[in-house]
Amino acid sequence: MTTDNSSLIKLESVTKVFLTDEVETHALSGIHMDIRKGEFVSIAGPSGCGKSTLLSILGLLDTPTDGTYVLNGRPVQGLTLPERARIRNREIGFIFQSFNLIGDLTVYENVELPLTYRGMPSNERKQRVTEALEKVGMGHRAKHLPSQLSGGQQQRVAVARALAGSPAVLLADEPTGNLDSKNGDAVMELLHSLHKTGSTIVMVTHDARFARHSERTIHVFDGRVVEEQVESDPTR
Amino acid sequence: MFADLKYALRGLWKSPGFTLIAIATLALCIGANSAIFSVVHAILLKPYPWPDSEKLVYVYNSYPLTGLQNAGVSIPDYLDRRAGVSAFADTAMFTNRSYNLASDSEPERIIGLRTTPSLFTTLQTDAARGRVFTDAEAQPGADHVVVLSHALWKNRFGANSAIIGQTIRLNTESYTVIGVMPESFYFPTPRVQAWVPFAFTPAEKTDDERGNEYSSSIARLKPGAALAAIQRDLDVIQARNAERLTDSREFYKTSGFGGRVTGFLEQNVANVRAMLWLVQAGVAAALLIGCANVASLLLARAVARERELAIRAALGAGRGRLMRLLLLESLLLFLGGGTLGLLVAWWGVDTLGSLGFSTLPRAFGVQLDLSVFAFTLFCALLTGLGFGALPAWSASRSDAAAALKEAGARGSAGKRTTFLRAALVVGEIALAVMLLSTAGLLVRSFEKLQQENPGFTASGVITARLSLPDAKYDQPAKRIAFADATLTRLRALPGVKAVGLTDVLPFTGNNSQGSYSSPDIVVAPGAPSPHGQQRVVDPGYFKTLGLTLLRGRLFTEADTATTQKVCVIDRVLADRYWPGQDPIGKRIDRGSDAPNLRIVIGVVAPIKFQSLEEDVKKETLYHPFAQNAGTNLILVVKTDGDPTLLTAAVREAVRSADPEQPVFDIRTMQQRMDEVAQSRRAPMLLLSLFSGVALLLAVLGVYGVLAFSVAQRTSEFGVRLALGATAGDIATLVLRQGARLVLLGVGAGLAAYLALSFIIGKLLYGIAATDPATLVLAPVVLALAALLASWLPARRATRVNPVEALRSE
């Protein structure tokens with residue numbers, strides 16, 4: 001684990017209010033958060049507490065209603081849509097609960113997709129995709145379609161896709177939520193090993209068993225950070 | 001770009017049903033537009049195959065105060081203008097003439113043109129082989145030279161390279177072939193196969209020749225020439241002549257006589273221009289409806305792909321990149337539709353020909369050429385970008401974060417998508433209402449027209465044309481003898497009820513008009529001089545065509561060249577000059593009859609000569625063939641059976657009278673009338689067809705939107721049913737949604753139609769563009785069809801299982 005002290009993600013007084021018809025829903029209220037490079041942080045909380053909204057804001061898929069968000073030293077809350085897309089592509093890797101692989105694309109093409117958006121030359125793309133798939137143990141399935149894989153294998157491909165672009169942070173939204181315990185453990189093992197090689201990981205989970213893999217767990221309830229818990233010895 | 005192209009292709013390949021339906025819809029609509037454009041381009045837009053053909057104009061004589069805008073020109077008129085209009089770079093004069101081309105087998109009749117040598121310099125075209133004729137060859141006695149068309153040279157003379165200098169027989173006279181024109185050349189139509197010099201005799205150049213307006217004239221304008229300046233020159237010439245020709249001065253004044261120029265292309269297509277643009281607009285509307293349907297499908301597809309697009313967005317694809325992907329898909333669809341559309345167009349061009357478009361002026365040039373390919377590509381790209389941009393824009397704006405959540409994974413349409421699809425359907429219905437209303441009015445207009453009585457009976461009548469050679473039939477007696485022999489043989493045929501002949505047959509596009517006078521006519525001061533349609537007919541003509549005798553008698557065999565000159569007039573003339581009087585016995589002077597003026601012996605009901613919509617205002621005078629025998633004859637034969645069965649017998653009768661005399665243009669009277677009606681029938685049929693297609697597409701659009709909406713609202717219906725709603729309540733909910741779309745569309749369509757009805761009104765006959773019955777019927781038909789289409793999704797909505805619906809929620 002190689003954690004340095006420089007801040008990668010810094011949220012200050014972030015709020016998110018949804019307006020539906022005339023109803024105002026406060027999904028996040030005054031969130032402060034500081035995640036350092038190389039950290040493995042879990043965001044935990046019950047269903048509907050706002051943790052997925054928080055992850056969407058961290059992943060620049062959504063914008064805060066108020067507050068500031070500094071990613072890798074750069075305020076990002078006021079960026080234009082193309083700038084946000086560019087940062088998502090280069091600095092953020094997503095791992096979703098439901099894998100979110102594109103069914104029409106092969107495993108290889110799914111992993112390659114963010115690199116094509118980056119305009120990377122094909123030789124380099126090929127090298128990166130191959131490395132990423134090897135890293136998650138899916139190199140032999142490169143030509144398969146997602147539908148031909150098990151849930152655990154699909155999630156490993158999703159991890160490879162998130163890794164391929166060498167992002168600054170991996171954002172994992174309930175990465176084990178759709179997996180059985182054996183595959184869930186395998187994915188957590190994979191994230192753990194990535195973290196050991198220096199990856200910064202932010203994981204949303206409601207499962208305390210998986211949260212213990214992280215170094216720090218931020219508990220969210222009703223849109224607020226109610227507790228931060230530092231694991232002295234993250235377990236597997 | 002390549003990666004997106006690959007993804008787009010694969011995406012379409014993975015949805016074969018969607019792809020096929022979209023491409024088939026677009027192929028049909030784009031293909032129809034390309035086919036019609038091939039007609040519009042060939043007839044209205046394509047320049048003639050002569051350099052700078054847009055600088056060519058017709059030069060007419062005009063008698064505006066008598067209602068005759070465009071008349072032919074006489075030789076002195078032509079010479080005056082050739083010398084006196086400074087803006088003319090060159091001018092030419094020509095007249096049609098058919099020739100019997102002698103041969104070992106049956107004589108062949110070809111259409112030729114007697115023309116001044118200046119035709120070729122005016123058209124700026126030279127011969128491909130040999131040469132065109134010179135001024136020296138346009139002199140009486142030196143004019144027996146001929147220039148052949150490439151087609152005649154190839155088909156009749158086997159492309160004989162030694163043809164130049166050889167002699168051929170035209171109308172029993174020898175002509176030396178001096179040139180063959182290029183393959184691409186024609187003038188004025190490809191039917192003309194030979195050009196011979198128009199040699200003016202000294203007498204023909206004198207003022208006495210004025211009024212013999214059987215020729216046409218064209219001119220090439222100098223660069224920058226203004227029509228107003230030309231008109232000034234023409235007026236100056238006319239004023240000078242009026243000053244000089246005192247005998248004609250009054251006539252010039254009362255008829256408003258003068259010269260007039262109109263664009264060559266503009267004049268040739270004037271009768272079909274508006275209708276062709278209307279048809280193009282009609283199929284363009286059908287294309288828009290088809291595109292709206294495809295755009296609606298793309299919107300639905302984008303909803304289903306919302307999650308995939310959200311993933312792409314999460315992986316760093318910006319909005320522009322997503323739009324590019326979706327636009328590429330659309331473009332592939334539209335280009336696919338365009339490519340297949342060319343096949344549809346290829347088939348469509350043939351079909352248009354059989355629908356009657358081939359009879360339109362310049363239709364000989366209709367083909368799928370580069371312009372049509374370019375138009376098709378343009379259509380595909382424009383509609384692809386236009387209608388692809390909407391779903392692409394909408395999809396690229398979707399909420400990626402929401403879509404990535406589990407609940408969003410099923411793909412639910414947002415308000416924007418729902419609104420856009422509804423708006424597209426409303427637009428489709430509006431366009432369909434416009435098309436249906438227009439087609440309905442054209443159909444009713446055509447029906448009204450077909451109910452018009454032309455004043456004669458066409459059924460059972462077959463007609464055939466003859467052109468007697470001047471050299472062989474140089475005396476009226478010879479012409480009369482030939483006609484008698486032919487008519488006698490025809491009369492003896494079994495089943496023949498009547499036979500006759502004329503020089504101008506109704507519904508052939510030909511006409512013969514001329515001035516006349518009478519000591520029994522008093523022309524009011526300032527009123528135009530008498531000027532009417534002149535016909536030469538034999539005694540049998542009236543019976544054969546069933547004209548109605550109103551007073552007096554018709555011609556008989558007793559009216560001969562040596563008896564009192566007589567004529568029959570129509571009621572228009574009688575009412576104009578002798579209202580309340582008995583016209584029988586009144587005298588008519590055709591110009592050179594004095595002192596033996598023609599006596600009016602009968603009055604017939606007026607008949608329509610040009611078309612069924614003609615409002616007969618011009619009087620007609622009939623003169624007996626025996627007293628006015630010419631060389632252009634049209635035989636008319638009435639039978640009580642199928643007239644087409646007489647075709648061979650007519651040929652044989654003529655051959656019996658003169659084995660060297662060809663017969664041509666053998667057609668029934670009904671065929672001639674149908675051909676004239678084609679300029680209305682063909683667009684009507686086509687617009688009716690496409691309004692049907694538009695109706696179907698619009699109804700499918702309504703169905704698509706409602707079916708999609710029902711699928712989206714399954715959970716809602718489950719909740720409603722759980723709360724006690726009946727199946728009827730649910731069905732009403734869906735039907736009301738459909739009815740709202742239909743009402744909006746019908747309202748918008750009717751409003752747009754009414755705003756444009758002034759254009760359509762100009763193309764209708766006997767019915768107003770705002771005819772209430774049609775404007776009610778068309779929307780009602782569409783509304784009923786659309787509500788029927790709404791019923792299917794409504795019924796599906798009533799079958800929602802609330803337990804399953806709520807579980808899926």
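**The contact between chains A and B, and a sheet in chain A**

In this predicted model, the contact draws 22 residues from chain A and 23 residues from chain B.

Me: Which elements of chain B supply at least two residues each to the side that touches chain A, and which gives the most?
Reply: Those supplying at least two residues each are α1 (2–14), α10 (306–314), α11 (319–355) and α13 (400–404) of chain B, and α10(B) gives the most, with six residues.

Me: What makes a residue on that side of chain B count as charged, and how many do?
Reply: Asp, Glu, Lys and Arg count as charged, and nine residues of the side of chain B that touches chain A fall in that class, beside ten nonpolar and four polar ones.

Me: What makes a residue of chain B buried, and what percentage of the chain is buried?
Reply: A residue is buried if 20 or more other C-beta atoms lie within 10 Å of its own, and buried residues make up 46% of the 809 residues in chain B.

Me: Why are β2 (23–36) and β5 (74–75) of chain A said to stand at the edges?
Reply: The open sheet has the order β2-β1-β4-β5 (chain A), with antiparallel pairing; β2(A) and β5(A) each have a single partner strand, so one side of each is left without a neighbour in the sheet.

Me: How do you know that β4 (residues 66–71) of chain A and β5(A) pair?
Reply: Pairing requires at least two bridges between the strands, and β4(A) and β5(A) are joined over two bridges in the antiparallel sense, so the criterion is met; in β5(A), A:R74 is the bridge partner of A:L71.

Methods:
Residues numbered from 1 in each chain as written. Chains lettered and ligands numbered in written order. Predicted model: local features only at pLDDT ≥ 70, side-chain atom pairs only at ≥ 80, totals over all residues. Contact = placed C-beta atoms within 7 Å. Helix = DSSP H or I, 4+ residues; strand = E, 2+ residues; numbered from the N terminus. Buried ≥ 20, exposed ≤ 12 C-beta atoms within 10 Å, placed from the backbone.
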